Amino acid sequence: MAIFLIRPGETDYDVQDRLQGTLNLPLTERGISQVDALIDQVQVAGIDRIYCGPNEPALSTARRISRQLDIPLKVLDQLSNVDLGLWQGLCLEEIRAKQPRVFKQWREAPGSVCPPQGEAGEYACERIQEALRKPVKKGGVIAIVASEPLASLIECQIRGESPDLTDSFGKQRPSACCQRIDSPTAVSHNTSAK
């Protein structure tokens, strides 16, 4: 079992350092080029299946990879990006300035915070676990395409770590990147839960 986590190509919100959440934004021209450049890396990985949620830009990134490499794509509603409520569309600095304690807590312990009128972090973590159950049980080499903050929560889930978004925004996580995540402990946890 091998799991690759792919972050989608760039959107205008990435350029502007804004939180996207469930807002559907298209890839920029640069974002499309980033995904095309990622194709060779994904091909070498030998991925059997790609999973993503219904939100852009993850969906268009996954479709582009799937079509160019002829890899089956499955869209799972449970892999929808985290609904960030009233934070969606805001710059990170705006949120830090308006709600510094809540924002800090959300990044360090997202399971314990719900952005105003958004999705509770605990619920997002539960649906990620549910979404990963069947793909992990099926085995093989899979890829999951997800935007931030969902991608970081998925990474924590696979590694068996507590949810943490501390490094999930900004330059630490470039657009259109692919990383292999290994953790047999987390994988067996996901397949045996519930």
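**Helix packing, an aromatic cluster and backbone features**

Helices H2 and H3 pack with their axes 10 Å apart, at an angle of about 50°. H2 is therefore oblique to H3. The model is a predicted one. H2 spans residues 29–45, and H3 covers residues 58–69. The crossing of H2 past H3 is right-handed. On the H2 side, the contact is made by Ile32, Val35, Asp36, Leu38, Ile39, Val42 and Gln43. On the H3 side, Thr61, Arg64, Ile65, Gln68 and Leu69 take part. Sorted by character, the residues of this contact comprise seven nonpolar, three polar and two charged.

The loop between H1 and H2 adds further contacts. Leu27 is located in this loop. Its relative accessibility is 14%, so Leu27 counts as buried. Beyond residues up to four places away in sequence, Leu27 touches Gly9, Glu10, Ile32, Val35, Pro57, Ser60 and Thr61. Among these partners of Leu27 are Ile32, Val35 and Thr61, which also belong to the contact of H2 with H3. The C-alpha atoms of Leu27 and Glu10 are separated by 5.7 Å. Along the chain, Leu27 and Glu10 are 17 residues apart.

Thr28 lies in the loop between H1 and H2 as well. Thr28 counts as buried because its relative accessibility is 12%, below the 20% cut-off. With neighbours within four places in sequence set aside, Thr28 is in contact with Glu10, Thr11 and Asp12. Glu10 thus appears among the contacts of Leu27 and among those of Thr28. Asp17 is another residue of the loop between H1 and H2. Its relative accessibility is 35%, so Asp17 counts as partly exposed. Phi of Asp17 is positive, near 60°, in a residue other than glycine.

A second helix pair involves H6 (residues 121–138) and H7 (residues 150–159). Their axes come within 10 Å and cross at roughly 65°. H6 passes H7 in a right-handed crossing. H6 contributes Ala124, Cys125, Arg127, Ile128, Gln129 and Leu132. These meet Leu150, Leu153, Ile154, Gln157 and Ile158 in H7. Eight nonpolar, two polar and one charged residue make up the contact of H6 with H7.

H7 is largely enclosed by the rest of the structure, because nine of its 10 residues are buried. The buried residues of H7 are Leu150, Ala151, Ser152, Leu153, Ile154, Glu155, Cys156, Gln157 and Ile158. Among them, Leu150, Leu153, Ile154, Gln157 and Ile158 take part in the contact with H6. Gly160 follows H7, and its phi is positive, near 75°.

Aromatic pairing was examined next. The whole structure holds three aromatic pairs. One of them joins Trp87 and Phe103 in an edge-to-face arrangement. The ring centres of Trp87 and Phe103 lie 5.9 Å apart, with 65° between the planes. Trp87 is in the loop between strand E3 (73–75) and helix H4 (92–98), and Phe103 is in helix H5 (residues 100–108), so the pair ties together parts 16 residues apart in sequence. Trp87 and Phe103 are both buried.

Trp87 also pairs edge-to-face with Trp106. Here the centre-to-centre distance is 5.2 Å and the planes are 80° apart. Trp106 lies in helix H5 and Trp87 in the loop between E3 and H4, so this pair ties together parts 19 residues apart in sequence. Trp106 is buried, as is Trp87. Ring pairs link Trp87, Phe103 and Trp106 into a cluster.

Cis peptide bonds and positive phi values complete the backbone description. Glu56 and Pro57 are joined by a cis peptide bond, with omega about 10°. Pro57 sits in the loop between strand E2 (49–52) and H3. Pro57 is also one of the residues that Leu27 touches. The peptide bond from Glu148 to Pro149 is cis too, with omega near 5°. Pro149 lies in the loop between strand E4 (141–145) and H7.

Ala176 is not a glycine, yet its phi is positive, at about 50°. Ala176 is found in the loop between H7 and strand E5 (177–181). At 12% relative accessibility, this residue counts as buried.

Key. Residues are numbered from 1 along each chain as its sequence is written. This is a predicted model: local features need pLDDT of at least 70, side-chain atom pairs count only at pLDDT 80 or more; totals for chains, interfaces and linings use all residues. Side-chain values use heavy atoms; hydrogens and water are left out. Helices (H or I, at least four residues) and strands (E, at least two) are DSSP runs, numbered from the N terminus. Buried means under 20% relative accessible area, exposed over 50%, partly exposed in between (1.4 Å probe, protein chains only). Contact means heavy atoms within 4.5 Å. Rings of Phe, Tyr and Trp (its six-membered ring) pair if their centres lie within 6.5 Å; planes under 30 degrees apart count as stacked, over 60 as edge-to-face and the rest as tilted. Axes are lines fitted to C-alpha atoms, for helices over the stretch in contact, and angles run from 0 to 180 degrees between N-to-C directions. Angles under 35 degrees count as roughly parallel, over 145 as roughly antiparallel, 65 to 115 as roughly perpendicular and the rest as oblique. A crossing is left-handed if the near helix is turned anticlockwise from the far one by less than a right angle, and right-handed if clockwise. Ala, Val, Leu, Ile, Met, Phe, Trp, Tyr, Cys and Pro count as nonpolar, Asp, Glu, Lys and Arg as charged, and the others, Gly among them, as polar.
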